[in-house]
Amino acid sequence: MSVASPSTPEWLARHNATLTASKDGKSWLVHMGSELVYVLALIPVEGKHGIKLMQTINGKQIPVEGAHQGADKALAAGLEKLRATLGW
């Protein structure tokens, strides 16, 4: 249940943010400047892939709905939820 690390989306890069894969191959880190601010992690959902979005400063989880056929689609859903949450 891992996916290759995608490049940082343009909308994140515009705000001096980066997306990097963690070493476990199942989660991604969002840094703004040098500060880790969000983690996206794959989770199993109904035999498919889901994603958990967490704000690192306070541990708040931001719900991301859906069960996706592939890990890449789950990550895309998590990134879109992050984009909407940030208003970017």
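In which loop does Asn16 lie? In this predicted model, Asn16 is placed in the loop that runs between H1 and E1, and the backbone there adopts a positive phi of about 60° although Asn16 is not a glycine. With a relative accessible area of 56%, Asn16 is exposed, because the cut-off for that class is over 50%. His15 has its place in the loop between helix H1 (10–13) and E1, but its relative accessibility of 36% makes His15 partly exposed. The C-alpha atoms of His15 and Met32 are 7.4 Å apart in space, although 17 residues separate His15 from Met32 in sequence.

The strands form an open sheet of 5 members, arranged in the order E1-E2-E3-E4-E5 with antiparallel pairing. The edge positions are taken by E1 and by strand E5 (61–62), each of which has a single partner strand, so that one side of each is left without a neighbour in the sheet. At one of these edges, E4 and E5 are paired in the antiparallel sense over 2 bridges, and Met54 has Gln61 in E5 as its bridge partner. Helix H2 (residues 71–86) packs on the sheet, where it touches E1, E2, E3, E4 and E5, and the direction of H2 makes about 30° with that of E4.

At the other edge, strand E1 (residues 17–21) runs antiparallel to strand E2 (residues 27–32), and the two are joined by 5 bridges. Within this pairing, Thr20 stands opposite Leu29 in E2. The hairpin of E1 and E2 has 5 residues between the strands, and in that hairpin Gly25 takes a positive phi near 75°. A positive phi is also found at Glu46, with a value of about 50°, although Glu46 is not a glycine. Glu46 belongs to the loop between strand E3 (35–45) and strand E4 (48–55), and its relative accessible area of 75% places Glu46 in the exposed class.

The length of H2 was examined against the span expected for a helix. At 1.5 Å a residue, the 16 residues of H2 should span 22 Å, and the distance of 23 Å between the end C-alpha atoms of H2 agrees with this. The buried residues of H2 include Ala71, Ala74, Leu75, Gly78, Leu79 and Leu82. Around the helix axis these residues cover an arc of only 135°, and they are therefore on the same side of H2. Lys73 and Ala84, by contrast, are exposed on the other side of H2. The cover over the buried residues of H2 includes H1, E1, E2, E3 and E4. After H2 comes Gly87, which has a positive phi near 75°.

The segment that leads into H2 was also considered. His68 lies in the loop between E5 and H2, and a relative accessible area of 17% makes His68 buried, since that class is defined as under 20%. When residues up to four places away in sequence are not counted, His68 touches Lys48, His49, Lys73, Ala74 and Ala77. Among these contacts of His68, Ala74 is one of the buried residues of H2, whereas Lys73 is exposed on the other side of that helix.

Terms used
Residues are numbered from 1 along each chain as its sequence is written. This is a predicted model: local features need pLDDT of at least 70, side-chain atom pairs count only at pLDDT 80 or more; totals for chains, interfaces and linings use all residues. Side-chain values use heavy atoms; hydrogens and water are left out. Two strands pair if DSSP finds at least two bridges between them. Helices (H or I, at least four residues) and strands (E, at least two) are DSSP runs, numbered from the N terminus. Buried means under 20% relative accessible area, exposed over 50%, partly exposed in between (1.4 Å probe, protein chains only). Contact means heavy atoms within 4.5 Å. Axes are lines fitted to C-alpha atoms, for helices over the stretch in contact, and angles run from 0 to 180 degrees between N-to-C directions. The expected span of a helix is 1.5 Å times one less than its number of residues. The arc is that of the directions from the helix axis to the C-beta atoms.
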